[in-house]
Amino acid sequence: MADAQRPFQPRFLPYGRQLIEDDDIAAVVEALKSDFLTTGPRVEQFEAAFAEKVGARHAVACSNGTAALHLSLMALDVGPGDVVIAPSITFAATANCAHYQGAEVVFADVDPDSGLMTPETLAAAIARLGGRKLKAVLPVHLGGHAVDLPALRRLADAEGAVLVEDTCHAVGTEMTFGNVAERVGDGRHSAMACFSFHPVKTMTTAEGGMVTTNDPALARRMTLLRSHGITREPTEFTALELSLDPSGEANPWSYEMQALGYNYRLPDLLCALGISQLAKLDRFIATRRALTARYLELLPPLAPMVRAVPMPAYSRSALHLFVVLIDFAALGRTRKQVMDDLRAQGVGTQVHYIPVHRQPYYAQRYGPLDLPGADAHYARCLSLPLYAGMEVGDVERVVEALRAVIAS
């Protein structure tokens with residue numbers, strides 16, 4: 001009787017989550033039963049399939065998106081005395097990877113509505129270099145929405161800098177520049193693109209990352225650096241002369257550390273999940289686009305209090321996130337109050353992101369920065385639920401909950 005009187009509680013909708021199906025589980029179980037759990041044949045299989053999917057010549061799997069970003073800057077020999085430009089609206093790892101290498105970061109402002117680095121905000125960041133050497137520019141495809149790559153590439157080229165895309169949000173995003181269809185990660189405008197397969201992303205390996213490139217030398221260097229800088233391949237120079245047998249042949253236990261690398265490998269077990277998920281990426285994206293279309297149909301009556309983040313016309317986003325901009329001041333409610341009220345109705349939300357230039361580590365290092373676009377975007381942004389396991393009715397429920405919160 002007590003259970004019968006208990007009010008109905010709809011399932012909680014987080015802002016994002018993975019969709020794991022029976023074939024994903026079967027693929028992982030098969031890998032568990034194989035001879036390889038760490039580095040095995042599925043790593044190269046996943047790399048080849050991913051490179052083909054995005055249209056790149058090479059793909060290098062690694063342990064997560066942060067490792068992907070770090071590997072890319074190591075491969076470029078970014079180091080002390082160099083400067084890297086990154087937008088302030090991003091996850092901290094975009095900037096941190098430069099500091100891992102001893103380089104400095106100049107933060108670019110973003111468009112206050114889209115949260116994206118623009119040619120104008122990149123040019124303003126370049127103007128603040130103060131004569132320092134710009135080594136790389138790291139634009140972020142925030143939420144899955146592509147930046148204007150050709151325009152950013154021209155500005156980077158003019159400074160002698162390399163463009164490295166932070167594509168951690170953009171697995172599956174497509175673009176059209178000059179009537180030419182492109183895919184994020186195909187390397188038309190950048191040296192490398194760095195992906196993440198965290199569970200809330202468009203597809204997952206539980207944890208994992210990938211770097212795509214069209215440069216075979218960069219691919220070889222990242223492959224070396226992700227595994228302690230160690231290779232078993234014969235080279236012109238070897239430090240292992242003592243391990244050679246009398247015939248001059250290397251012994252089977254021989255290996256050579258050629259550089260200071262890291263353990264950034266992605267295990268075979270996780271690559272098995274990645275291969276399975278990649279085969280369903282188009283379906284996952286189609287679902288996200290259908291859900292987003294319903295959001296866009298339902299949200300206009302809530303304007304101007306609530307507006308969806310604008311999407312660039314050239315970008316066909318894979319929609320990692322669905323972000324709205326809320327005028328909390330006009331609403332007379334704090335963001336925390338709105339988030340708490342939505343959570344009470346079973347709707348989870350998140351904020352992407354606190355501007356990195358305002359994080360204590362960077363604020364203490366660089367002092368106060370005036371980046372009004374980043375501050376304005378952060379002040380209004382709220383990520384609503386969006387993931388492949390949702391249904392259209394879930395979107396309607398989220399918008400109705402948001403409408404009720406605004407009206408209260």
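This report walks through some salt bridges, a buried arginine, a helix and a surface patch in the structure above.

The model is predicted, so local features need pLDDT of at least 70 and side-chain atom pairs count only at pLDDT 80 or more, while totals for chains, interfaces and linings use all residues. Residues are numbered from 1 along each chain as its sequence is written, and side-chain values use heavy atoms, with hydrogens and water left out.

**Salt bridges**

Let's begin with charge pairs. Side chains of opposite charge can pair when their charged atoms come close. Here a salt bridge means a side-chain nitrogen of Lys or Arg within 4 Å of a carboxyl oxygen of Asp or Glu. The structure holds 24 of them, including the three in this table.

| Pair | N to O distance |
|---|---|
| Asp24 and Lys280 | 2.7 Å |
| Glu174 and Arg316 | 2.8 Å |
| Asp186 and Arg188 | 3.2 Å |

Asp24 and Lys280 form a salt bridge at 2.7 Å. Because Asp24 sits in helix H2 and Lys280 in the loop between helix H9 (268–278) and H10, this pair ties together parts that are 256 residues apart in sequence. Helices (H or I, at least four residues) and strands (E, at least two) are DSSP runs, numbered from the N terminus. Both Asp24 and Lys280 are buried. For burial, the cut-offs are under 20% relative accessible area for buried, over 50% for exposed, and partly exposed in between (1.4 Å probe, protein chains only).

Glu174 and Arg316 meet at 2.8 Å. Glu174 belongs to strand S6 and Arg316 to strand S13 (residues 315–316), so their salt bridge links parts that are 142 residues apart in sequence. Glu174 is partly exposed at 29% relative accessible area, and Arg316 is partly exposed at 48%.

In the pair of Asp186 and Arg188, Asp186 is buried, with a relative accessible area of 8%, whereas Arg188 is partly exposed at 48%. Shared partners also join Glu21, Asp23, Asp24, Lys280 and Arg283 into one network of salt bridges.

**A buried arginine without a partner**

Which side chain of opposite charge is nearest to Arg288? It is Asp282, 11 Å away, and Arg288 is buried yet has no salt bridge. For this search, Lys and Arg count as positive and Asp and Glu as negative; His and the chain ends are not counted. Arg288 lies in helix H10 (residues 281–298), and its side chain reaches the backbone oxygen of His320 at 3.1 Å. Leaving aside neighbours within four places in sequence, the residues in contact with Arg288 (heavy atoms within 4.5 Å) include Val200, Thr202, Leu319 and Tyr387.

**Helix H7 and its cover**

Helix H7 (residues 149–158) has Leu149, Pro150, Ala151, Leu152 and Ala156 as its buried residues. Their cover includes helix H6 (119–127) and the strands S4 (133–137), S5 (162–166) and S6 (174–177). After H7 comes Gly160, with a positive phi near 70°.

**On the surface**

A nonpolar surface patch is formed by Ile20, Ile25, Val29, Leu32 and Leu37, which together have about 400 Å² of accessible area. Ile25 is in helix H2 (residues 22–32) and counts as partly exposed at 45% relative accessibility.

Lys33, in the loop between H2 and helix H3 (41–54), is exposed at 71% relative accessible area. Lys33 and Arg335 are 302 residues apart in sequence and 48 Å apart in space, C-alpha to C-alpha.

Definitions and conventions: Patch = residues over 30% accessible without salt bridge, like charges linked within 9 Å, V, L, I, M, F, W, Y side chains within 5 Å. Areas by Shrake-Rupley, 256 points an atom, 1.4 Å probe, with all protein chains shown as cover. Polar contact = N/O pair within 3.5 Å; in protein donor to acceptor, adjacent residues only side chain to side chain.
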